[in-house]
Amino acid sequence: MALGSVRRRGPFVALVLPGALGLLALLLRSLDESPRAGALGFVAAVLAAPLLPVVGIPLRSGTGLLLVAVAGSAVVWMALGWWASRRSRSWAGFAAEYGWMVLAIWVGSGLAALAANVVLGRPVL
């Protein structure tokens with residue numbers, strides 16, 4: 001019974017963590033206008049939707065770009081959830097498989113941001 005539950009619900013459960021980070025980003029952005037809250041909100045947004053920099057955000061703006069990045073990121077998270085659900089037999093196994101995939105995406109996003117700062121000639125920290 002648990003195997004079927006993991007396989008059916010895994011892709012949707014995979015949206016919980018990015019969704020929570022996205023809500024945190026929105027809250028930080030709307031409730032506090034300090035530079036620190038802006039930076040934390042941007043980090044949370046990129047962790048929730050790693051395709052934001054791919055479409056050019058923050059260098060370009062627009063609702064269309066934002067929607068494309070968020071929808072594309074949701075597809076990526078659901079695909080990773082599907083893959084993790086196929087590789088696991090329990091929710092604990094799903095969490096372990098999905099956790100490694102999330103970590104890889106987040107480390108890749110962080111390294112890409114650092115590389116962009118170096119290429120653009122800005123200070124890294």
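**Figure 1. Five helices and no strands make up the chain.** A helix here is a DSSP run of H or I at least four residues long, numbered from the N terminus. By that rule, Ser5 sits in helix α1, a spot we come back to below. What you're looking at is a predicted model. The chain counts five helices and zero strands, and if you read along the sequence you get α-α-α-α-α. Lay a box along the principal axes and the C-alpha atoms fill roughly 50 × 30 × 25 Å. Of the contacts with a separation of 6 or more, 56% link residues 24 or more positions apart.

**Figure 2. What's inside and what's outside.** The chain has 125 residues, and 27% of them are buried. On the outside, about 8100 Å² is exposed, with carbon and sulfur atoms supplying 73% of that area.

**Figure 3. Helix α1 comes up short.** This helix covers residues 2-13, so 12 residues in total, with the expected span given by 1.5 Å times one less than that number. A straight helix would reach 16 Å, but the end C-alpha atoms of α1 are only 14 Å apart. Ser5, Val6, Gly10 and Pro11 are the buried residues to look for in α1. The helices they pack against are α4 (63-87) and α5 (91-119).

**Figure 4. A closer look at Ser5 in helix α1.** Is Ser5 buried or exposed? Its relative accessibility is 10%, so Ser5 counts as buried, because the cut-off for buried is under 20%. Skip the neighbours within four places in sequence, and Ser5 is in contact with Gly10 and Trp91. Gly10 is itself on the list of buried residues in α1.

**Figure 5. The largest nonpolar core, with 10 residues.** Here's the full cast: Ala25, Ala44, Ala45, Val46, Ala49, Leu52, Val55, Ile57, Leu65 and Ala69. Two elements, α3 (35-48) and α4, each give two or more residues to this core. The largest share comes from α3, which puts in three residues. Zoom in on one core member, Ala44: leaving out residues up to four places away in sequence, Ala44 touches Leu21, Leu24 and Ala25.

**Figure 6. A second core, set apart from the largest one.** How many residues does this other core hold? There are nine, among them Ala14, Ala84, Phe94 and Val102.

Key. Residues numbered from 1 in each chain as written. Predicted model: local features only at pLDDT ≥ 70, side-chain atom pairs only at ≥ 80, totals over all residues. Heavy atoms only, no water. Buried < 20%, exposed > 50% of the residue type's maximum accessible area, 1.4 Å probe, protein only. Contact = heavy atoms within 4.5 Å. Core = buried A, V, L, I, M, F, W, Y, C linked by side-chain atoms within 4.5 Å. Areas by Shrake-Rupley, 256 points an atom, 1.4 Å probe, with all protein chains shown as cover.
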